[in-house]
Amino acid sequence: MRARDKAAVSALRATLAALENAEAVPVGEAELRGLALEQSPVGVGATEAARCELSERSVVDVVRAEAAERLEVAAQLTAPAHADRAAQLRAEAAVLLRFLDGPGTA
C-alpha cells in the first residue's frame, strides 16, 4: 500500500464497502412505512440498529463475489479503447484473490 498501488486500494475500498453492506440489518416493509411523529423514537442512539455479524465463510463469499464481478466485467470489455480499464479490473481481482489464498500469501 505504501507504493500507492491504486488497484489494491480501489479493490480493498470497494470490498470493505461491500462487507459493510452485507452487515446491514434487513429492513422490513413495516419499517419502510415509518411512524407518526409522536411515535418516533427519541434519545441518543434510539435510531441505531445492531449490525449483523458475518461468519468467516460469509466474508470469503463476499470477497469472492467482488473478485468474480471484476473478472466478469473485464471479460465484457473487449474493445481496444477499454483495454486499460479491463487490465485494472483484472489487477483488482488478483489482489482480492490473493487474500483468499491463505495467510502469508498476501
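In the predicted model, the buried residues of helix 4 are Ala86, Leu89, Glu92, Ala93, Val95 and Leu96, and these residues pack against helix 1, which covers residues 6-22, and against helix 3. Helix 4 itself runs over residues 83-100. Its 18 residues should span 26 Å at 1.5 Å a residue, and the C-alpha atoms at its two ends lie 26 Å apart, so the expected and the computed lengths agree.

One of the buried residues of helix 4 is glutamate 92, which has a relative accessible area of 3% and therefore falls under the 20% limit for a buried residue. The side chain of glutamate 92 makes a polar contact of 3.0 Å with the side chain of serine 10, and a further polar contact, of 2.7 Å, joins the side chain of glutamate 92 to the side chain of arginine 70. When neighbours within four places in sequence are left aside, the residues in contact with glutamate 92 are Ala7, Ser10, Ala11, Arg70 and Arg85.

Alanine 7, one of these contacts of glutamate 92, is situated in helix 1 and is likewise buried, because its relative accessible area of 11% is under 20%. Apart from residues up to four places away in sequence, alanine 7 touches Ala91 and Glu92. Alanine 7 and alanine 93 are separated by 86 residues in sequence, yet their C-alpha atoms are 8.8 Å apart in space.

The 17 residues of helix 1 should span 24 Å at 1.5 Å a residue, which agrees with the 24 Å between its end C-alpha atoms. Within this helix, Ala7, Ala8, Ala11, Thr15, Ala18 and Leu19 are buried. Around the axis, these residues cover an arc of only 100°, so they are placed on the same side of helix 1. The face turned away from this buried side carries the exposed residues Lys6, Arg13, Leu16 and Asn21, whereas the buried residues of helix 1 pack against helix 3 and helix 4.

Helix 3 comprises residues 56-76, and its buried residues are Val60, Val62, Val63, Glu66, Ala67, Arg70 and Ala74. Viewed down the axis of helix 3, the buried residues fall within an arc of 165°, so they line one face of the helix. On the other side of helix 3, the residues Arg57, Glu72, Ala75 and Gln76 are exposed, while the cover over its buried residues includes helix 1 and helix 4. As for the length of helix 3, a span of 30 Å is expected for its 21 residues at 1.5 Å a residue, and the end C-alpha atoms are 31 Å apart, which agrees.

Glutamate 66 belongs to helix 3 and has a relative accessible area of 13%, so it counts as buried under the 20% limit. Leaving out residues up to four places away in sequence, glutamate 66 touches Ala14, Thr15, Ala18 and Leu96. Two of these, Thr15 and Ala18, are among the buried residues of helix 1, and Leu96 is among the buried residues of helix 4.

The largest nonpolar core consists of 5 residues, namely Ala11, Val63, Ala67, Ala93 and Leu96. Helix 3 and helix 4 are the elements that give two or more residues to this core. Ala67, a member of the core, is in contact with Ala93, Leu96 and Leu97 when its neighbours within four places in sequence are left aside.

Taken over the whole protein chain, the secondary structure comes to 4 helices and 0 strands, which follow the pattern α-α-α-α along the sequence. Of the 106 residues in the chain, 18% count as buried. Among contacts between residues at least 6 apart in sequence, 67% join residues at least 24 apart.

The confidence of the prediction varies along the chain, which averages a pLDDT of 83, with 72% of the residues scoring at least 70. Among the elements, helix 3 has the highest mean pLDDT, at 96, and helix 2, made of residues 29-33, has the lowest, at 58.

Notes
Residues numbered from 1 in each chain as written. Predicted model: local features only at pLDDT ≥ 70, side-chain atom pairs only at ≥ 80, totals over all residues. Heavy atoms only, no water. pLDDT = per-residue confidence, 0-100. Buried < 20%, exposed > 50% of the residue type's maximum accessible area, 1.4 Å probe, protein only. Contact = heavy atoms within 4.5 Å. Polar contact = N/O pair within 3.5 Å; in protein donor to acceptor, adjacent residues only side chain to side chain. Core = buried A, V, L, I, M, F, W, Y, C linked by side-chain atoms within 4.5 Å. Expected span 1.5 Å × (residues − 1). Arc of directions from axis to C-beta.
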